[in-house]
Amino acid sequence: MEVHLALTLALVQLGLFALCWLLVAVLMPGERRPALLFLASIASDALTAWLQVSQVGSLSPVASWLMGLSLLSATLVSAGAEAFVAGRVRHARAWLALLGAGTAAAWWPLPQALSEVGPLAVYQGSFLLLLGLPLLWLWQPLRQEFGRYGALPLLPFGLMALAVLAFLVHLALDPAEATRSFASRSDHGASSLIPFVISSGLFHISWLGMMLGRQVVRAHSAARIDSLTGVLRRGAFEAECEALLALARRLGQPATLVFLDIDHFKRINDLGGHAAGDQVLRRLGRLLQDTLRSTDRCGRWGGEEFVILLPGQDRARADATLQRLTQTLARAAIPVPDDCAALTVSIGYAVWTPGSTMDPRQLMAQADAAMYEAKRRGRNTLVGPGAMPTDAEVVTPG
């Protein structure tokens, strides 16, 4: 009765996790590959759990099947973890080689598979590598994406790897006792399913948590980041601008707000279609991100218009920064349709100085007016504070 209760608990738990991974595969197309690999590992685990309680005796005829299924499950979860992190299974050959080596050792003619040190060492060594390699290959990418929480989904790998390593040490120090204790496990009573239920639950909960966490981060990013250009959306930029200007006010530092508009963008769309216009916006967004400092903020204000905040920069520094930006744009030579002039931009900027009473909206209005003044004066022009640009504020074509 105790054995069947433990088996029922294990199968119910696996069934719930299988439903979760099935929903992930259906509702999250981007995570379908790891979800299906984890789902396949659950099928292997369910068959393993059933076989564990269906046979008795230290030399059960299903012993090799149990060993092979355990390796298969470890292969599937390792491949699924890699697919989650990298988007694909990059080390498929390594996983298959370890699965093949371990399975060959597991199917060494009985009773040798359970009594000879060599095949048992190969089997457990393959198991250790299947569990340990994800710790080496996936730790850094997970940490970069999830910070300190990136270690959580690798915890089950680490715990199981430590258990296998402890057995290998035991096998090296006392081969006879180690092989005898391993062979005795094939009675597979309820006590063997309890650690299985705990480790399986820990694994699937942690990876489901990482997958949901990734979706939350992506949803938050999608609400802030313009999908075409990669810069901040208007609302997100306004929030960043207010926060950074408040910080500048407390620190007594200047800040410069910039409006940038692509010249003759309608002609690009008319001659090349919206695909050409989108490509120009995409490349310009990337160029702005690559050129500006990490402390600067760049957003898409609407259409072909961008807005930039340069914290800590007064008029002189902002003027130099923006002139370098126009030179970088000229060197980049972003492709435009035939019969279009080389891509240029009109830039206007306003400077917030310590002690200024301007609020963010007034600063934006001044920078926007300066940008329209640049348009009026022939485009491909940089206009700073004041109604009339000085010679230093005008970038001549070329």
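**Exercise 1.** Work out how helices α6 and α7 are oriented relative to each other in this predicted model.

*Solution.* Two packed helices are described by the angle between their axes and the distance between the axes. In the predicted model, the axes of α6 (residues 117-146) and α7 (residues 155-173) come within 9 Å and cross at roughly 155 degrees. Angles over 145 degrees count as roughly antiparallel, and α6 and α7 are therefore roughly antiparallel to each other. The crossing in which α6 passes α7 is left-handed.

**Exercise 2.** Describe which kinds of residues make up the contact of α6 with α7.

*Solution.* Begin with the residues themselves: on the α6 side they include L120, F127, L128 and L131, and on the α7 side they include F157, M160, V164 and L168. Sorting the residues of this contact gives 16 nonpolar, three polar and no charged.

**Exercise 3.** Find where the partners of the salt bridge between E145 and R214 lie, and decide whether each is buried or partly exposed.

*Solution.* Side chains of opposite charge can pair when their charged atoms come close. Here the closest N and O atoms of E145 and R214 are 2.7 Å apart. E145 lies in helix α6 and R214 in helix α9, so the pair ties together parts that are 69 residues apart in sequence. Since buried means under 20% relative accessible area, R214 at 5% counts as buried, whereas E145 at 38% counts as partly exposed.

Notes
Residues are numbered from 1 along each chain as its sequence is written. This is a predicted model: local features need pLDDT of at least 70, side-chain atom pairs count only at pLDDT 80 or more; totals for chains, interfaces and linings use all residues. Side-chain values use heavy atoms; hydrogens and water are left out. Axes are lines fitted to C-alpha atoms, for helices over the stretch in contact, and angles run from 0 to 180 degrees between N-to-C directions. Helices (H or I, at least four residues) and strands (E, at least two) are DSSP runs, numbered from the N terminus. Angles under 35 degrees count as roughly parallel, over 145 as roughly antiparallel, 65 to 115 as roughly perpendicular and the rest as oblique. A crossing is left-handed if the near helix is turned anticlockwise from the far one by less than a right angle, and right-handed if clockwise. Contact means heavy atoms within 4.5 Å. Ala, Val, Leu, Ile, Met, Phe, Trp, Tyr, Cys and Pro count as nonpolar, Asp, Glu, Lys and Arg as charged, and the others, Gly among them, as polar. A salt bridge is a side-chain nitrogen of Lys or Arg within 4 Å of a carboxyl oxygen of Asp or Glu. Buried means under 20% relative accessible area, exposed over 50%, partly exposed in between (1.4 Å probe, protein chains only).
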